[in-house]
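Let's take a walk through this one, stopping at a stretch of sheet and then at a pair of helices. Have the viewer open alongside the text.

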Amino acid sequence: MHVLALALLLSQTIEDRGATLREAVRRGDIAEVQRLIDEGADVDAMNRYQATALFFAADKGDLPLVRLLVEKGARIDVRDTFYQMSPLGRALDKEHDDVVLYLLERGASEADAVLSEAVRRESRELLEAALASGRVSREGYDEATAAAPVSLRALIESRPRPPPSLASWQPTRDELQPLTGKYVREDTGEVSEVELSQGGLLLRSEGKAEALHPSNPRSFVTDEGASVVFGGRGGMVERLVVNGVSHRPLEETESREPATESADVIEPLGATNLDPVKRGQPAPWPAFRGGDRSGIADGQGIPLEWDAASRRNIRWKTAVPGFSVASPIIYGARIFVLTAVSGAGDKTFRTGLYGDVAPVEDVSEHRWLLLALDAGDGIVVWERELHRGVPGTKRHTKSSQANATPVTNGKQVVTVLGSTGQIFCHDFEGNLLWKKDIGVLNAGWFYDPDYQWGHSSSPILYENTVIVQADVHGGSFVAAYDVDTGREVWRTPREDEIPTFATPTVFRGETGDELVTNGTVVRGYDPKTGELLWHLAPNSEIPIGSPVVTDELIYVTAGYPPIRPIYAIRPGSRGDLGVDKTESLAWSLDRGGTYIPTPLVYRGFFYTNANNGRLSCYDARTGTLVYRERIGGVGGSYAASPIASDGRLYFTNEEGETFVVEAGPEYRLLAKNSVDGLVLSTPAASDGLLVIRTLEHVYGIAE
């Protein structure tokens, strides 16, 4: 065998053993772990983020496995490249204190982190172990002393104060460069700047400059003893924390002036430049984000104002069993909604902004239902049970067992259930036309497949096919099925794609139709054959927002590390679009992409709505920032994607409030409305009716 081929085979075998070892650790199979190590598996073999088996054992709190791995030589002070977290950090985060104490005893260096957590939880056991390790720094000691309750402060002060820390990291200018830039203080809007100097980094704030002395790659101390930490995932700098006060990076397109607090006054409708709203021909809302997945409902005459408490413009409200985050669709007189009903009645759900990756542990028997409602009065015309059984995957705490929005062509309604691995097709009377098994779609935390979140990419229709994007843990693909029979027309593997959650879309134009998928690599396919036409990287690790198309450009954005891009792609491009971006991209930004809501392109402007309610408006052709505002003047938490109708933009937050903003180059709030319930689904609009789905109800809103 050729030497190069032999070396390649050997490297693949080593990697396979590493993956098998990590899988055995995740299963808690200590006998298999022992066998694999005895047969030569590398105890420190890393995944794509350089996490070793010890990470997963510590995360599970499996002390016997942690002991075995350490005794077999596993490195303790190793950090992954994405979260910059160690095995001890994983155990500390999950409150597996026995593992934390063992790793600390075996020499883990993060005594400061243990001491800080001990103070937060008022744990004497952790505190004594951290102090006894002899590895607490002066900074850690001082911060813990200042934050500790009286009962613990005396214990801390009974130990000698450590000497000043010596720099354990001697950085190069290339290593310091990514930390430089302007940062905005979250509470006051004050701008600080980190810059390179001859001696290292300088922090300019409040009219003075202070040198930053490194203690590790992301932690520094000023001459006056202030703590300065650069935080972030995936190698990104997402925040600057100075003595506990958080600052966010100032984007290149953002105003350099400090933000000022001002009341967000609702303008009377007569004071705007809106054209009179004229009801046009009824247009269906047949898929996630409506026709062509644009989010636009011009000519449909949907209301400006409503209120659930007074029932103003509330035509009807219909209860739906179970709960779901799938969006409603409308076609003529019918509204279709999907739901899942837990046999255990578990409706665990968390709103807001958080980073908890643990799924809901509900493995009871579920029922998945498709309901058809009358658009006029909200009455359930028919209900069909799609499936009954135990879900094949768990779900995220901000998700459901029914996430993918159905799609219709006016004759057939197609539904995808990721956790059962099935596609269903019904007619408008509720008759099952066909069903196809495609395999359980296990989408979840890219870092660890045991953390299951639930598949959410919605099906789309193209000509006579239904297209499904299935990005999962192992075996990702995109495929097209005949809408009349369910026969697979084509399937294209996406073998290097990890779990993603975006719905694809199709650009139609003179250069040919392109199926656009958002993923860790953005890709364009021929929707007739599945042939890969082009690809573009880099992108975020967890893409959720869907691509958006106009007659001229394709827009793709994402808002998770290691990059938060906005790409405005020219149709007709081919190959690797990253090679010559000047030819393939009309414009792009490395930062500015948003996480969950899909952006909106409307009347010459490109709008992004961040999870926290920060609305950014760009010139759609050039990418020039036009304005940036907090929606409603308060921000909030958003998962639903915005929609547009008749010169108005509708933004619905998770608390059920919808803020209506005038479209155009100036931010102007027109109305604030509300329904009763949590909203993560994107509203639907057709023929004078706005449909908003809460987790458990559907509202019909009309004047």
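How many of the nine residues of strand S12 are buried? Keep in mind that we're looking at a predicted model. Seven of them are, so to speak, tucked away, and strand S12, which runs over residues 366–374, is mostly covered.

Now look at what sits alongside S12. On one side of the pairing list is strand S11, residues 334–342, which pairs with S12 in the antiparallel sense over nine bridges. To find your place in that ladder, pick arginine 334: its bridge partner in S12 is aspartate 374.

S12 also pairs with strand S13, residues 380–389, again in the antiparallel sense, and here there are eight bridges. A handy marker for this pairing is histidine 366, which stands opposite glycine 389 in S13. S12 and S13 form a hairpin with five residues between the strands. If you like checking backbone torsions, go to glycine 378 in that hairpin, where phi is positive, near 80°.

On to the helices. Two packed helices are described by the angle between their axes and the distance between the axes. For helix H9 (residues 138–147) and helix H10 (residues 150–157), the axes come within 8 Å and cross at roughly 150°. Angles over 145 degrees count as roughly antiparallel, so that is what H9 is relative to H10. The crossing of H9 past H10 is left-handed.

Who does the touching? H9 brings Tyr141, Ala144, Thr145 and Ala146, while H10 brings Arg153, Ile156 and Glu157. Sorted by type, the residues of this contact come out as four nonpolar, one polar and two charged.

Methods. Residues are numbered from 1 along each chain as its sequence is written. This is a predicted model: local features need pLDDT of at least 70, side-chain atom pairs count only at pLDDT 80 or more; totals for chains, interfaces and linings use all residues. Side-chain values use heavy atoms; hydrogens and water are left out. Buried means under 20% relative accessible area, exposed over 50%, partly exposed in between (1.4 Å probe, protein chains only). Helices (H or I, at least four residues) and strands (E, at least two) are DSSP runs, numbered from the N terminus. Two strands pair if DSSP finds at least two bridges between them. Axes are lines fitted to C-alpha atoms, for helices over the stretch in contact, and angles run from 0 to 180 degrees between N-to-C directions. Angles under 35 degrees count as roughly parallel, over 145 as roughly antiparallel, 65 to 115 as roughly perpendicular and the rest as oblique. A crossing is left-handed if the near helix is turned anticlockwise from the far one by less than a right angle, and right-handed if clockwise. Contact means heavy atoms within 4.5 Å. Ala, Val, Leu, Ile, Met, Phe, Trp, Tyr, Cys and Pro count as nonpolar, Asp, Glu, Lys and Arg as charged, and the others, Gly among them, as polar.
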